[in-house]
Amino acid sequence: MSIRPVKHESRATPTMEGAGVKLHRVFGFGDPDMTDPFLMMDDFRNDTPSDYVRGFPWHPHRGIETITYVLAGTVEHGDSLGNQGMLGAGDLQWMTAGSGILHQEMPKGDFAGRMHGFQLWANLPSSLKMTKPRYQDIKSADIPVVVDDDGTSVRVISGEFWGKNGPVDGIAAEPVYLDISVPPGKRKSFPVDTYRSAFAYIFAGSGSFRDASTPFGVKVEKEYLGEELNIRDLSGNRTLVVFDTGDEITVQAGEQGIRFLLVTGKPIKEPVAWHGPIVMNTREELMQAMKELQNGTFIKAEH
């Protein structure tokens, strides 16, 4: 087995989307090759209702899939095809926008005002960009959980892992999407397909993927009070870790343990022409989509 080294690590950055929702951008609108087939990820964990209640009013999507995973609070959604519903804590929606859809997502906090979750965008290959839109709404109870002898817990959202299959199916990138919790001080390895893109996103606790043989972190340069310091660092909340090739990922959990999303997918390796929520292969296809939005032909008839 070969442990995948880390090729990129960064912190999610504050930004604003929709009608004024404050969130953190994990990655996106940069080099799409780094995480191919995944284009963008947002962390919309927020404890202040005024920062998220205006939500994400009507907007279009084409050529991609959006994956919304809710940890706390609820998200009401509806679209131009008449679909509507609500995602609650632990629920997931995998929306294949395909040829085009107009939809809205309106978050509501729980009793404590918390609205926590993530949205990931996955690209579609050119052969499926104009496919019929499709939803997979998955309830929390339908997501299998595997607990290992050392207390490591894995929610299997999509793909096969440790003998369990996630409820999401029929996805072009054949993704594995896992929600993993590793107890304090434990060192744990997870098998991954050698030829898939892979990243982890830490959202609780801390740990090290860089030198998993030691729990004391790795030496990294960080700026503090204007000075560059060499310190030993454990990656913590809102840290993205992108891996190079190999067939397993190993993490050393810190003293509070670590919880992270582990996502892998088959690279598409096609040109990306991207404008906001519309992702095609060429500029001409983008321009056509914009023209259709303006003249009212963006939503296609049943096909």
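These exercises, each with a worked solution, concern a predicted model.

**Exercise 1. The nonpolar cores**

Task: Find which residues have the most contacts inside the largest nonpolar core, and work out which strands supply that core.

Solution: Begin with the core itself, which has 25 residues, and note that M41, L120, Y177 and F199 are those with the most contacts inside it. Next, turn to the strands: β3 (21–27), β4 (38–43), β6 (64–72), β9 (92–96), β11 (116–123), β19 (197–208), β22 (239–243) and β23 (248–265) each supply at least two residues of this core. Then look at Y177, whose contacts, leaving aside residues up to four places away in sequence, include I67, Y69, W94 and L120, and also I157, L261, L262 and V263. Finally, a second core, separate from this one, has 23 residues, among them A200, I202, F209 and V251. As general background, nonpolar side chains in soluble globular proteins tend to be buried together.

**Exercise 2. Strand β10 and its partners**

Task: Determine which side chains of strand β10 are buried, and where bridges join β10 to β5 and β7.

Solution: Follow the side chains along residues 101–108, where they alternate between two faces. I101, H103, E105 and P107 point to one face and are buried, whereas L102, Q104, M106 and K108 point to the other face and are not buried. Now consider the pairing: β5 (residues 56–61) runs antiparallel to β10 and is joined to it by four bridges, and within this pair H61 has I101 as its bridge partner. Strand β7 (residues 74–79) also pairs with β10 in the antiparallel sense, over six bridges, and here E76 has M106 as its bridge partner.

**Exercise 3. The largest pocket and the largest cavity**

Task: Establish which strand gives the most to the lining of the largest pocket, and which gives the most to the lining of the largest cavity.

Solution: Take the pocket as the starting point, with its space of about 400 Å³. Its lining is made of 26 residues, of which E17, F56, H59, E105 and Q119 lie nearest the centre. At least two lining residues come from each of β3, β4, β5, β10 and β11, and β5 gives the most, with five. The next step is the cavity, which has a volume of about 30 Å³ and is lined by M34, T35, F38, S197, A198, F199 and V242. Here β19 gives the most, with three residues.

**Exercise 4. Backbone details in the loops**

Task: Locate E174 and R238, and decide whether each is buried or partly exposed.

Solution: Start with E174, which lies in the loop between β16 (164–165) and β17 (176–182) and has a positive phi of about 45° although it is not a glycine. E174 counts as partly exposed, because its relative accessibility is 42% and the partly exposed range lies between the cut-offs of 20% and 50%. R238, which is in the loop between β21 (227–233) and β22, also has a positive phi, near 65°, and is a residue other than glycine. R238 counts as buried because its relative accessibility is 16%, and the cut-off for buried is under 20%. A further detail of the backbone is the cis peptide bond that joins D36 and P37, with omega about 20°; P37 is in the loop between β3 and β4.

Terms used:
Residues are numbered from 1 along each chain as its sequence is written. This is a predicted model: local features need pLDDT of at least 70, side-chain atom pairs count only at pLDDT 80 or more; totals for chains, interfaces and linings use all residues. Side-chain values use heavy atoms; hydrogens and water are left out. A nonpolar core is a set of buried Ala, Val, Leu, Ile, Met, Phe, Trp, Tyr and Cys residues joined through side-chain atoms within 4.5 Å. Buried means under 20% relative accessible area, exposed over 50%, partly exposed in between (1.4 Å probe, protein chains only). Contact means heavy atoms within 4.5 Å. Two strands pair if DSSP finds at least two bridges between them. On a 1 Å grid over the protein atoms alone, a cavity is a set of points where a 1.4 Å probe fits but cannot get out, and a pocket is an open set with protein on both sides within 12 Å along at least five of seven lines; lining residues have an atom within 4 Å of a point. Grid points are joined across faces, edges and corners, and a volume is the space filled by probe spheres set on the points.
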